[in-house]
Amino acid sequence: MSNFDNLLAETPDHDINIKTEYIFGIREDLSPNVYTIDQDYIVYAAANYIIIYNYTLKHKKTQQFIPGAIHSNGNLLN
Amino acid sequence: MTVANYGKPYIFFVEEDIDSNLRINIYSLINSSPLYNCPNKLVELTFMEEPKIEVYCIATSNKEHSNVVCVPIKTDSHSLVFWRWDSDNLKEQFIQTIRYPVEEFEFLRIKFNIEYRNLDYFVLYTDEFFMYCSYDTLFVKHFMVADIKTKYGKILDASWFFDGKLAIVTETTLIFYNVQEKIELSKLKINLMRTEKEGIITGIHTIYDSMVLVGTNKRLEFWEYKREYERTFCTNFENYPNFDFKSLSFVGNVEDSSVIATTTNNDVFLINFEKYKSYNDAKLKMESLTDDEIQKQIEKRDKNSLKPILPSFPTKSIEALDICINKPYIIIGSKDQTLRIYNYLEKKLHLSKTFQEEIFSVAFHPSGNYAIISNEERLRPLHIFYDAIENMTQNGIPSKKSKDVKFSHGGHLFSFEAGNRVEIWNFLTLQLYQSLKFAFSTSKVNN
(Lines give C-alpha, C1' and ligand atoms only; values in the text may rest on other atoms or scores of the structure.)
Protein backbone atom coordinates (compact mmCIF):
# COMPACT_ATOMS: atom_id res chain seq x y z
CA MET A 1 0.00 0.00 0.00
CA SER A 2 1.48 3.34 -1.03
CA ASN A 3 1.65 6.46 1.10
CA PHE A 4 -1.14 8.00 -0.94
CA ASP A 5 -3.40 4.97 -0.32
CA ASN A 6 -2.66 5.26 3.40
CA LEU A 7 -3.57 8.91 3.30
CA LEU A 8 -6.85 8.13 1.54
CA ALA A 9 -7.69 5.37 4.02
CA GLU A 10 -7.13 7.73 6.94
CA THR A 11 -9.17 10.56 5.45
CA PRO A 12 -12.82 10.53 6.55
CA ASP A 13 -15.33 10.70 3.71
CA HIS A 14 -16.81 13.99 4.79
CA ASP A 15 -13.44 15.70 4.36
CA ILE A 16 -13.25 15.11 0.64
CA ASN A 17 -16.75 16.11 -0.38
CA ILE A 18 -16.80 18.75 -3.06
CA LYS A 19 -19.93 20.67 -3.84
CA THR A 20 -20.67 23.44 -6.29
CA GLU A 21 -20.70 26.78 -4.55
CA TYR A 22 -21.20 29.31 -7.30
CA ILE A 23 -21.23 29.31 -11.09
CA PHE A 24 -20.14 32.43 -12.95
CA GLY A 25 -21.59 32.87 -16.41
CA ILE A 26 -24.82 32.63 -18.35
CA ARG A 27 -25.94 30.77 -21.47
CA GLU A 28 -26.55 33.31 -24.18
CA ASP A 29 -27.75 30.90 -26.88
CA LEU A 30 -31.13 30.47 -25.18
CA SER A 31 -33.74 33.12 -25.70
CA PRO A 32 -35.05 34.43 -23.41
CA ASN A 33 -32.29 33.35 -21.09
CA VAL A 34 -33.45 34.79 -17.76
CA TYR A 35 -36.77 34.23 -15.99
CA THR A 36 -38.12 35.55 -12.75
CA ILE A 37 -39.79 33.52 -10.01
CA ASP A 38 -40.54 36.29 -7.57
CA GLN A 39 -38.98 39.50 -6.37
CA ASP A 40 -35.82 37.86 -5.08
CA TYR A 41 -35.22 34.93 -7.42
CA ILE A 42 -34.26 34.60 -11.05
CA VAL A 43 -33.76 31.42 -13.07
CA TYR A 44 -31.18 31.12 -15.83
CA ALA A 45 -28.94 28.56 -17.47
CA ALA A 46 -25.16 28.32 -17.24
CA ALA A 47 -23.24 25.46 -18.85
CA ASN A 48 -25.45 22.37 -18.36
CA TYR A 49 -27.04 23.64 -15.16
CA ILE A 50 -30.24 25.48 -14.47
CA ILE A 51 -29.50 28.01 -11.73
CA ILE A 52 -31.98 29.44 -9.27
CA TYR A 53 -30.31 32.58 -8.03
CA ASN A 54 -31.21 34.82 -5.13
CA TYR A 55 -29.66 38.10 -6.15
CA THR A 56 -30.37 39.94 -2.90
CA LEU A 57 -27.57 40.72 -0.50
CA LYS A 58 -29.73 39.47 2.38
CA HIS A 59 -29.31 35.90 1.15
CA LYS A 60 -25.68 36.47 0.15
CA LYS A 61 -26.38 35.93 -3.55
CA THR A 62 -26.89 32.19 -3.16
CA GLN A 63 -27.39 29.80 -6.04
CA GLN A 64 -29.20 26.47 -6.23
CA PHE A 65 -28.50 24.12 -9.09
CA ILE A 66 -30.50 21.73 -11.22
CA PRO A 67 -27.96 19.63 -13.14
CA GLY A 68 -28.64 18.06 -16.51
CA ALA A 69 -29.91 14.47 -16.51
CA ILE A 70 -27.53 11.55 -15.97
CA HIS A 71 -27.97 10.47 -19.58
CA SER A 72 -27.67 13.98 -20.90
CA ASN A 73 -25.05 14.62 -23.55
CA GLY A 74 -24.45 18.03 -22.01
CA ASN A 75 -26.45 19.85 -24.61
CA LEU A 76 -29.11 21.96 -22.97
CA LEU A 77 -31.36 22.83 -25.88
CA ASN A 78 -33.79 25.20 -24.25
CA MET B 1 -35.98 26.74 -20.51
CA THR B 2 -39.11 28.39 -19.15
CA VAL B 3 -40.81 29.10 -15.86
CA ALA B 4 -44.53 28.75 -15.23
CA ASN B 5 -46.55 29.83 -12.24
CA TYR B 6 -49.56 27.68 -11.41
CA GLY B 7 -49.84 29.49 -8.11
CA LYS B 8 -46.28 28.39 -7.40
CA PRO B 9 -43.40 28.10 -9.79
CA TYR B 10 -42.35 25.23 -12.01
CA ILE B 11 -39.21 25.14 -14.10
CA PHE B 12 -39.12 23.47 -17.50
CA PHE B 13 -36.10 22.80 -19.62
CA VAL B 14 -35.24 20.70 -22.65
CA GLU B 15 -32.07 18.73 -23.14
CA GLU B 16 -30.75 16.15 -25.52
CA ASP B 17 -29.57 12.77 -24.17
CA ILE B 18 -26.79 10.53 -25.47
CA ASP B 19 -29.25 8.75 -27.81
CA SER B 20 -30.34 12.10 -29.32
CA ASN B 21 -33.75 11.85 -27.68
CA LEU B 22 -35.43 14.98 -26.49
CA ARG B 23 -35.97 15.18 -22.71
CA ILE B 24 -38.30 17.71 -21.17
CA ASN B 25 -37.62 18.04 -17.45
CA ILE B 26 -40.18 19.58 -15.14
CA TYR B 27 -39.07 20.66 -11.68
CA SER B 28 -41.28 21.98 -8.93
CA LEU B 29 -40.31 24.56 -6.37
CA ILE B 30 -43.46 24.03 -4.35
CA ASN B 31 -42.26 21.77 -1.54
CA SER B 32 -38.70 22.94 -1.45
CA SER B 33 -38.01 24.79 1.75
CA PRO B 34 -36.87 27.08 3.09
CA LEU B 35 -37.01 29.36 0.11
CA TYR B 36 -36.59 26.87 -2.76
CA ASN B 37 -33.66 25.01 -1.29
CA CYS B 38 -33.90 21.86 -3.32
CA PRO B 39 -36.13 21.67 -6.37
CA ASN B 40 -38.08 18.45 -6.81
CA LYS B 41 -38.07 16.69 -10.14
CA LEU B 42 -41.66 15.99 -11.11
CA VAL B 43 -41.73 14.59 -14.60
CA GLU B 44 -39.27 13.71 -17.29
CA LEU B 45 -40.88 13.50 -20.70
CA THR B 46 -38.89 11.72 -23.38
CA PHE B 47 -39.63 12.41 -26.97
CA MET B 48 -38.07 10.11 -29.54
CA GLU B 49 -37.38 11.72 -32.87
CA GLU B 50 -35.10 11.28 -35.78
CA PRO B 51 -31.59 12.74 -35.32
CA LYS B 52 -30.64 16.37 -35.78
CA ILE B 53 -33.45 17.85 -33.77
CA GLU B 54 -33.42 21.60 -33.48
CA VAL B 55 -35.50 23.03 -30.67
CA TYR B 56 -36.71 26.56 -31.08
CA CYS B 57 -38.13 27.15 -27.63
CA ILE B 58 -40.29 25.65 -24.92
CA ALA B 59 -43.51 27.28 -23.84
CA THR B 60 -46.13 26.40 -21.26
CA SER B 61 -49.65 27.34 -20.47
CA ASN B 62 -50.29 28.86 -17.06
CA LYS B 63 -53.90 27.77 -16.89
CA GLU B 64 -54.27 25.67 -13.76
CA HIS B 65 -56.23 22.77 -15.22
CA SER B 66 -54.57 22.52 -18.56
CA ASN B 67 -50.92 21.99 -17.89
CA VAL B 68 -49.62 22.00 -21.41
CA VAL B 69 -46.04 22.07 -22.58
CA CYS B 70 -45.39 22.93 -26.20
CA VAL B 71 -42.09 22.42 -27.98
CA PRO B 72 -41.66 23.55 -31.57
CA ILE B 73 -38.94 21.41 -33.11
CA LYS B 74 -37.27 21.20 -36.48
CA THR B 75 -36.56 17.82 -38.03
CA ASP B 76 -37.15 16.86 -41.63
CA SER B 77 -40.48 18.61 -41.23
CA HIS B 78 -41.29 21.40 -38.81
CA SER B 79 -43.35 20.14 -35.90
CA LEU B 80 -45.25 21.51 -32.98
CA VAL B 81 -45.40 18.98 -30.17
CA PHE B 82 -47.94 19.39 -27.38
CA TRP B 83 -47.72 17.55 -24.07
CA ARG B 84 -50.18 17.61 -21.23
CA TRP B 85 -48.97 16.70 -17.78
CA ASP B 86 -50.79 16.35 -14.50
CA SER B 87 -49.10 17.79 -11.43
CA ASP B 88 -51.30 15.69 -9.07
CA ASN B 89 -50.59 12.16 -10.23
CA LEU B 90 -47.41 13.04 -12.12
CA LYS B 91 -48.32 11.18 -15.27
CA GLU B 92 -47.67 12.75 -18.56
CA GLN B 93 -50.04 12.41 -21.44
CA PHE B 94 -49.12 13.05 -24.99
CA ILE B 95 -51.55 15.35 -26.71
CA GLN B 96 -50.77 15.92 -30.32
CA THR B 97 -48.05 16.57 -32.80
CA ILE B 98 -48.73 19.06 -35.53
CA ARG B 99 -46.43 19.12 -38.49
CA TYR B 100 -45.85 21.72 -41.12
CA PRO B 101 -43.77 21.53 -44.28
CA VAL B 102 -40.40 23.17 -43.95
CA GLU B 103 -40.81 25.62 -46.79
CA GLU B 104 -43.84 27.26 -45.23
CA PHE B 105 -42.67 28.04 -41.72
CA GLU B 106 -39.60 29.19 -39.90
CA PHE B 107 -40.74 29.40 -36.29
CA LEU B 108 -39.18 32.07 -34.21
CA ARG B 109 -40.97 31.80 -30.94
CA ILE B 110 -44.17 30.62 -29.33
CA LYS B 111 -45.78 32.53 -26.51
CA PHE B 112 -48.74 31.42 -24.46
CA ASN B 113 -51.13 33.95 -23.11
CA ILE B 114 -50.10 33.41 -19.53
CA GLU B 115 -51.67 36.45 -17.98
CA TYR B 116 -55.27 36.27 -19.05
CA ARG B 117 -56.71 33.08 -17.62
CA ASN B 118 -59.97 32.94 -19.58
CA LEU B 119 -58.27 32.91 -22.92
CA ASP B 120 -56.07 29.95 -23.70
CA TYR B 121 -54.54 31.31 -26.84
CA PHE B 122 -50.97 31.19 -27.81
CA VAL B 123 -49.18 33.10 -30.49
CA LEU B 124 -46.73 31.55 -32.86
CA TYR B 125 -44.84 33.80 -35.15
CA THR B 126 -42.31 33.65 -37.91
CA ASP B 127 -40.32 36.45 -39.43
CA GLU B 128 -43.14 37.34 -41.81
CA PHE B 129 -46.46 36.48 -40.22
CA PHE B 130 -47.99 35.32 -36.98
CA MET B 131 -50.72 32.92 -35.99
CA TYR B 132 -52.70 32.87 -32.85
CA CYS B 133 -54.17 29.60 -31.84
CA SER B 134 -56.23 28.03 -29.09
CA TYR B 135 -56.30 24.54 -27.67
CA ASP B 136 -58.44 22.43 -25.42
CA THR B 137 -57.20 20.53 -22.39
CA LEU B 138 -57.08 17.15 -24.10
CA PHE B 139 -56.53 17.79 -27.72
CA VAL B 140 -55.85 20.71 -29.90
CA LYS B 141 -58.93 22.09 -31.48
CA HIS B 142 -59.73 25.37 -33.12
CA PHE B 143 -56.07 25.40 -33.90
CA MET B 144 -54.95 28.38 -35.85
CA VAL B 145 -57.69 30.90 -35.26
CA ALA B 146 -56.07 33.34 -37.59
CA ASP B 147 -53.08 33.52 -39.82
CA ILE B 148 -52.07 37.07 -40.49
CA LYS B 149 -49.28 38.32 -42.65
CA THR B 150 -47.97 41.68 -41.61
CA LYS B 151 -47.35 44.35 -44.18
CA TYR B 152 -44.78 46.10 -42.07
CA GLY B 153 -41.62 44.05 -42.46
CA LYS B 154 -40.02 41.34 -40.38
CA ILE B 155 -41.63 40.56 -37.02
CA LEU B 156 -39.14 41.06 -34.21
CA ASP B 157 -41.18 40.17 -31.15
CA ALA B 158 -44.71 39.85 -29.80
CA SER B 159 -46.18 39.98 -26.32
CA TRP B 160 -49.57 39.51 -24.68
CA PHE B 161 -51.41 42.03 -22.57
CA PHE B 162 -53.40 41.03 -19.48
CA ASP B 163 -56.69 41.40 -21.32
CA GLY B 164 -55.76 39.18 -24.24
CA LYS B 165 -54.64 41.90 -26.60
CA LEU B 166 -51.38 41.52 -28.42
CA ALA B 167 -48.52 43.91 -29.08
CA ILE B 168 -46.40 43.07 -32.11
CA VAL B 169 -43.23 44.87 -33.07
CA THR B 170 -41.89 44.66 -36.61
CA GLU B 171 -38.94 46.38 -38.22
CA THR B 172 -40.97 49.50 -38.84
CA THR B 173 -44.13 49.30 -36.78
CA LEU B 174 -45.55 48.69 -33.34
CA ILE B 175 -48.98 47.08 -33.79
CA PHE B 176 -51.66 46.79 -31.14
CA TYR B 177 -53.98 43.89 -31.99
CA ASN B 178 -57.27 42.68 -30.56
CA VAL B 179 -57.14 38.90 -30.91
CA GLN B 180 -60.78 38.16 -30.09
CA GLU B 181 -62.25 40.66 -32.51
CA LYS B 182 -59.46 40.14 -35.03
CA ILE B 183 -58.94 43.83 -35.59
CA GLU B 184 -55.86 45.97 -35.68
CA LEU B 185 -56.44 48.60 -33.04
CA SER B 186 -53.56 50.86 -33.72
CA LYS B 187 -50.22 50.95 -35.37
CA LEU B 188 -47.37 53.35 -35.17
CA LYS B 189 -44.43 53.61 -37.50
CA ILE B 190 -41.64 53.64 -35.02
CA ASN B 191 -38.49 52.82 -36.89
CA LEU B 192 -38.91 55.23 -39.72
CA MET B 193 -38.38 58.19 -37.46
CA ARG B 194 -35.67 56.54 -35.43
CA THR B 195 -32.35 58.26 -35.00
CA GLU B 196 -29.03 56.64 -34.32
CA LYS B 197 -29.33 57.69 -30.70
CA GLU B 198 -32.64 55.86 -30.34
CA GLY B 199 -31.24 52.62 -31.76
CA ILE B 200 -32.80 49.59 -33.40
CA ILE B 201 -35.57 47.63 -31.64
CA THR B 202 -34.56 44.24 -30.29
CA GLY B 203 -37.43 43.14 -28.04
CA ILE B 204 -40.66 44.12 -26.31
CA HIS B 205 -42.46 43.31 -23.11
CA THR B 206 -45.99 44.25 -22.13
CA ILE B 207 -46.87 45.63 -18.72
CA TYR B 208 -50.29 46.17 -17.14
CA ASP B 209 -52.97 46.43 -19.80
CA SER B 210 -51.68 49.26 -21.92
CA MET B 211 -47.95 49.76 -21.54
CA VAL B 212 -45.24 48.36 -23.79
CA LEU B 213 -41.59 48.25 -22.86
CA VAL B 214 -39.41 48.38 -25.99
CA GLY B 215 -35.74 47.42 -25.78
CA THR B 216 -33.35 48.85 -28.36
CA ASN B 217 -29.62 48.60 -28.73
CA LYS B 218 -29.32 51.98 -27.04
CA ARG B 219 -31.98 52.22 -24.40
CA LEU B 220 -35.35 51.14 -23.02
CA GLU B 221 -38.49 52.91 -24.14
CA PHE B 222 -41.88 52.89 -22.49
CA TRP B 223 -44.88 53.24 -24.77
CA GLU B 224 -48.42 53.55 -23.60
CA TYR B 225 -51.59 52.88 -25.54
CA LYS B 226 -54.27 55.49 -25.04
CA ARG B 227 -56.03 56.42 -28.25
CA GLU B 228 -52.85 55.68 -30.03
CA TYR B 229 -49.38 54.82 -28.88
CA GLU B 230 -47.55 57.56 -27.11
CA ARG B 231 -43.98 57.26 -26.07
CA THR B 232 -44.18 58.34 -22.48
CA PHE B 233 -40.63 58.14 -21.26
CA CYS B 234 -37.37 56.45 -22.04
CA THR B 235 -34.13 55.54 -20.37
CA ASN B 236 -30.80 57.02 -21.29
CA PHE B 237 -28.07 54.50 -20.55
CA GLU B 238 -25.30 56.31 -22.34
CA ASN B 239 -22.73 55.12 -19.83
CA TYR B 240 -23.18 51.60 -21.17
CA PRO B 241 -21.91 51.36 -24.76
CA ASN B 242 -23.54 48.69 -26.92
CA PHE B 243 -26.40 48.33 -24.52
CA ASP B 244 -28.23 45.90 -26.75
CA PHE B 245 -31.26 44.45 -24.97
CA LYS B 246 -31.70 40.83 -25.81
CA SER B 247 -34.65 39.88 -23.66
CA LEU B 248 -36.91 41.50 -21.14
CA SER B 249 -38.92 39.81 -18.44
CA PHE B 250 -41.15 41.05 -15.71
CA VAL B 251 -40.18 40.55 -12.09
CA GLY B 252 -42.38 40.22 -9.04
CA ASN B 253 -45.84 41.67 -8.85
CA VAL B 254 -47.21 44.68 -10.60
CA GLU B 255 -46.54 47.12 -7.77
CA ASP B 256 -42.81 46.55 -7.97
CA SER B 257 -42.61 48.12 -11.41
CA SER B 258 -39.33 46.55 -12.34
CA VAL B 259 -38.01 44.41 -15.15
CA ILE B 260 -35.10 42.07 -15.66
CA ALA B 261 -33.27 43.03 -18.84
CA THR B 262 -30.59 40.94 -20.49
CA THR B 263 -28.22 42.47 -22.98
CA THR B 264 -26.22 40.83 -25.72
CA ASN B 265 -23.08 41.63 -23.71
CA ASN B 266 -24.36 39.14 -21.11
CA ASP B 267 -25.22 41.83 -18.60
CA VAL B 268 -28.33 41.16 -16.54
CA PHE B 269 -29.91 44.27 -15.04
CA LEU B 270 -32.80 44.92 -12.74
CA ILE B 271 -34.41 48.13 -13.89
CA ASN B 272 -36.89 49.98 -11.77
CA PHE B 273 -39.08 52.05 -14.06
CA GLU B 274 -41.24 53.53 -11.30
CA LYS B 275 -38.58 56.22 -11.04
CA TYR B 276 -39.02 57.01 -14.71
CA LYS B 277 -42.73 57.43 -14.26
CA SER B 278 -42.34 59.74 -11.31
CA TYR B 279 -39.63 61.63 -13.19
CA ASN B 280 -41.99 62.09 -16.10
CA ASP B 281 -44.64 63.52 -13.81
CA ALA B 282 -42.12 65.84 -12.25
CA LYS B 283 -40.70 66.91 -15.60
CA LEU B 284 -43.16 69.75 -15.95
CA LYS B 285 -41.97 71.20 -12.69
CA MET B 286 -38.39 71.21 -13.97
CA GLU B 287 -38.96 73.77 -16.68
CA SER B 288 -37.19 76.41 -14.64
CA LEU B 289 -33.97 74.31 -14.57
CA THR B 290 -31.14 74.73 -17.04
CA ASP B 291 -30.23 72.01 -19.52
CA ASP B 292 -27.14 71.03 -17.51
CA GLU B 293 -29.16 70.65 -14.32
CA ILE B 294 -31.73 68.49 -16.10
CA GLN B 295 -28.93 66.34 -17.57
CA LYS B 296 -27.44 65.84 -14.10
CA GLN B 297 -30.82 64.75 -12.76
CA ILE B 298 -31.25 62.31 -15.64
CA GLU B 299 -27.81 60.78 -14.98
CA LYS B 300 -28.58 60.46 -11.28
CA ARG B 301 -31.92 58.79 -12.03
CA ASP B 302 -30.39 56.32 -14.50
CA LYS B 303 -27.68 55.41 -12.04
CA ASN B 304 -30.17 54.74 -9.27
CA SER B 305 -32.62 52.75 -11.30
CA LEU B 306 -30.14 50.43 -13.06
CA LYS B 307 -28.87 47.66 -10.85
CA PRO B 308 -26.67 44.85 -12.23
CA ILE B 309 -27.76 41.56 -10.67
CA LEU B 310 -25.44 39.14 -12.43
CA PRO B 311 -21.78 39.84 -13.08
CA SER B 312 -21.12 40.50 -16.73
CA PHE B 313 -19.59 37.55 -18.57
CA PRO B 314 -17.63 37.10 -21.83
CA THR B 315 -19.58 36.52 -25.02
CA LYS B 316 -17.02 34.04 -26.34
CA SER B 317 -15.15 31.10 -24.86
CA ILE B 318 -12.73 31.42 -21.93
CA GLU B 319 -9.16 30.80 -23.07
CA ALA B 320 -7.19 31.44 -19.87
CA LEU B 321 -7.80 31.46 -16.14
CA ASP B 322 -5.82 32.02 -12.96
CA ILE B 323 -6.57 32.47 -9.26
CA CYS B 324 -4.91 34.99 -6.96
CA ILE B 325 -3.27 33.58 -3.83
CA ASN B 326 -3.64 36.55 -1.49
CA LYS B 327 -6.91 38.08 -2.69
CA PRO B 328 -10.26 36.46 -3.53
CA TYR B 329 -9.90 37.11 -7.26
CA ILE B 330 -10.23 34.99 -10.37
CA ILE B 331 -8.83 36.40 -13.60
CA ILE B 332 -10.07 35.16 -16.97
CA GLY B 333 -9.08 35.94 -20.52
CA SER B 334 -11.59 35.33 -23.28
CA LYS B 335 -11.66 34.94 -27.03
CA ASP B 336 -13.72 38.15 -27.19
CA GLN B 337 -10.46 39.98 -26.24
CA THR B 338 -11.61 40.90 -22.75
CA LEU B 339 -9.79 40.41 -19.49
CA ARG B 340 -12.08 40.14 -16.45
CA ILE B 341 -11.38 39.90 -12.75
CA TYR B 342 -14.09 38.47 -10.51
CA ASN B 343 -14.32 38.62 -6.74
CA TYR B 344 -15.48 35.12 -5.81
CA LEU B 345 -16.45 36.05 -2.25
CA GLU B 346 -18.60 39.04 -3.17
CA LYS B 347 -19.64 37.28 -6.41
CA LYS B 348 -19.20 40.31 -8.57
CA LEU B 349 -17.12 41.59 -11.46
CA HIS B 350 -14.20 43.54 -9.99
CA LEU B 351 -12.55 44.90 -13.15
CA SER B 352 -12.59 44.35 -16.88
CA LYS B 353 -10.60 45.63 -19.85
CA THR B 354 -10.92 45.05 -23.57
CA PHE B 355 -7.72 44.60 -25.59
CA GLN B 356 -7.05 44.90 -29.30
CA GLU B 357 -5.72 41.35 -29.51
CA GLU B 358 -6.82 37.89 -28.46
CA ILE B 359 -5.66 36.64 -25.04
CA PHE B 360 -3.97 33.23 -25.02
CA SER B 361 -2.93 32.86 -21.38
CA VAL B 362 -2.95 34.80 -18.15
CA ALA B 363 -1.09 34.70 -14.84
CA PHE B 364 -2.04 36.46 -11.62
CA HIS B 365 0.79 37.77 -9.40
CA PRO B 366 0.56 36.30 -5.86
CA SER B 367 0.09 39.80 -4.43
CA GLY B 368 -2.94 40.45 -6.65
CA ASN B 369 -1.49 43.79 -7.80
CA TYR B 370 -0.10 42.60 -11.14
CA ALA B 371 -0.90 40.19 -13.93
CA ILE B 372 0.64 39.05 -17.20
CA ILE B 373 -1.29 38.26 -20.35
CA SER B 374 -0.07 36.67 -23.54
CA ASN B 375 -1.16 38.15 -26.87
CA GLU B 376 -0.46 37.30 -30.50
CA GLU B 377 3.02 38.85 -30.58
CA ARG B 378 4.04 39.66 -27.00
CA LEU B 379 3.50 39.26 -23.27
CA ARG B 380 2.03 42.25 -21.48
CA PRO B 381 2.68 42.85 -17.77
CA LEU B 382 -0.25 44.73 -16.24
CA HIS B 383 -0.92 46.82 -13.16
CA ILE B 384 -4.12 45.82 -11.36
CA PHE B 385 -5.21 49.01 -9.64
CA TYR B 386 -8.26 49.43 -7.44
CA ASP B 387 -10.39 50.70 -10.29
CA ALA B 388 -8.41 50.09 -13.49
CA ILE B 389 -6.12 47.74 -15.38
CA GLU B 390 -3.13 49.46 -17.01
CA ASN B 391 -0.13 48.32 -19.07
CA MET B 392 3.17 48.36 -17.13
CA THR B 393 5.30 48.82 -20.25
CA GLN B 394 4.68 50.25 -23.68
CA ASN B 395 6.06 47.35 -25.72
CA GLY B 396 5.83 44.29 -23.49
CA ILE B 397 7.97 41.18 -23.96
CA PRO B 398 8.25 39.59 -27.44
CA SER B 399 6.69 36.13 -27.43
CA LYS B 400 4.36 34.59 -29.99
CA LYS B 401 1.07 33.09 -28.73
CA SER B 402 2.56 31.84 -25.50
CA LYS B 403 0.10 29.29 -24.16
CA ASP B 404 1.41 29.08 -20.63
CA VAL B 405 2.59 31.85 -18.31
CA LYS B 406 3.25 31.28 -14.62
CA PHE B 407 4.60 33.28 -11.66
CA SER B 408 6.96 31.81 -9.09
CA HIS B 409 5.51 31.41 -5.59
CA GLY B 410 7.12 34.62 -4.39
CA GLY B 411 6.23 36.50 -7.55
CA HIS B 412 9.76 37.77 -8.25
CA LEU B 413 10.17 35.50 -11.31
CA PHE B 414 7.84 34.37 -14.04
CA SER B 415 8.17 31.81 -16.81
CA PHE B 416 6.48 31.30 -20.14
CA GLU B 417 6.50 28.93 -23.05
CA ALA B 418 8.40 30.19 -26.08
CA GLY B 419 8.21 27.50 -28.76
CA ASN B 420 10.45 24.63 -27.66
CA ARG B 421 12.01 26.69 -24.86
CA VAL B 422 10.92 27.87 -21.42
CA GLU B 423 12.04 31.39 -20.61
CA ILE B 424 12.36 32.62 -17.04
CA TRP B 425 12.30 36.39 -16.48
CA ASN B 426 12.82 38.61 -13.48
CA PHE B 427 9.52 40.40 -12.83
CA LEU B 428 11.09 43.30 -10.93
CA THR B 429 13.57 44.29 -13.68
CA LEU B 430 11.74 42.65 -16.62
CA GLN B 431 15.00 41.08 -17.81
CA LEU B 432 15.74 37.56 -19.00
CA TYR B 433 16.94 35.40 -16.12
CA GLN B 434 17.33 32.04 -17.81
CA SER B 435 16.24 30.21 -20.96
CA LEU B 436 15.69 26.47 -20.70
CA LYS B 437 15.73 24.12 -23.67
CA PHE B 438 15.24 20.38 -23.61
CA ALA B 439 18.22 18.68 -25.24
CA PHE B 440 16.32 15.85 -26.92
CA SER B 441 13.05 17.52 -27.86
CA THR B 442 12.23 19.87 -30.70
CA SER B 443 8.46 19.93 -30.14
CA LYS B 444 6.62 22.76 -28.40
CA VAL B 445 6.34 23.00 -24.63
CA ASN B 446 2.74 22.44 -23.59
CA ASN B 447 2.83 22.90 -19.84
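In this predicted model, strand 32 of chain B pairs with strand 34 (residues 397-398) of chain B in the antiparallel sense, through 2 bridges. Within this pairing, B:Arg378 lies opposite B:Pro398 of strand 34.

Strand 32 of chain B has further partners. Strand 33 (residues 389-391) of chain B runs antiparallel to strand 32 and is joined to it by 3 bridges. Here B:His383 faces B:Glu390, a residue of strand 33. The two strands make up a hairpin, with 4 residues between strand 32 and strand 33 of chain B. On the N-terminal side, strand 31 (residues 370-374) of chain B is connected by 5 bridges to strand 32 (residues 378-384) of chain B, again with antiparallel direction. One residue pair of this contact consists of B:Ile373 and its bridge partner in strand 32, B:Arg380. Strands 31 and 32 of chain B likewise form a hairpin, in which 3 residues separate the two strands.

Another part of chain B contains an open sheet of 4 strands. Its order is 26-27-28-29, and the pairing is antiparallel. Strand 26 (318-323) and strand 29 (348-354) of chain B each have a single partner strand, and they therefore occupy the edges, with one side of each lacking a neighbour in the sheet. On average, neighbouring strands of this sheet are turned by 20° against each other when direction is ignored. The partner of strand 26 of chain B in this arrangement can be described at the level of residues. Strand 26 and strand 27 (residues 329-334) of chain B are paired antiparallel over 5 bridges, and B:Leu321 has B:Ile332 of strand 27 as its bridge partner.

These pairings belong to a chain whose secondary structure comprises 38 strands and 2 helices. Chain B has 447 residues, of which 36% count as buried. Considering the contacts in chain B between residues at least 6 apart in sequence, 39% of them link residues at least 24 apart.

Chain A is described here by its confidence values. The average pLDDT of chain A is 73, and 64% of its residues score at least 70. Within chain A, the highest confidence falls in strand 3 (residues 49-54), with a mean of 85, whereas the lowest falls in strand 5 (residues 72-76), with a mean of 55.

Conventions. Residues numbered from 1 in each chain as written. Chains lettered and ligands numbered in written order. Predicted model: local features only at pLDDT ≥ 70, side-chain atom pairs only at ≥ 80, totals over all residues. Pairing = 2+ DSSP bridges. Axes fitted to C-alpha atoms, helices over the stretch in contact; angles between N-to-C directions. Buried ≥ 20, exposed ≤ 12 C-beta atoms within 10 Å, placed from the backbone. Contact = placed C-beta atoms within 7 Å. pLDDT = per-residue confidence, 0-100.
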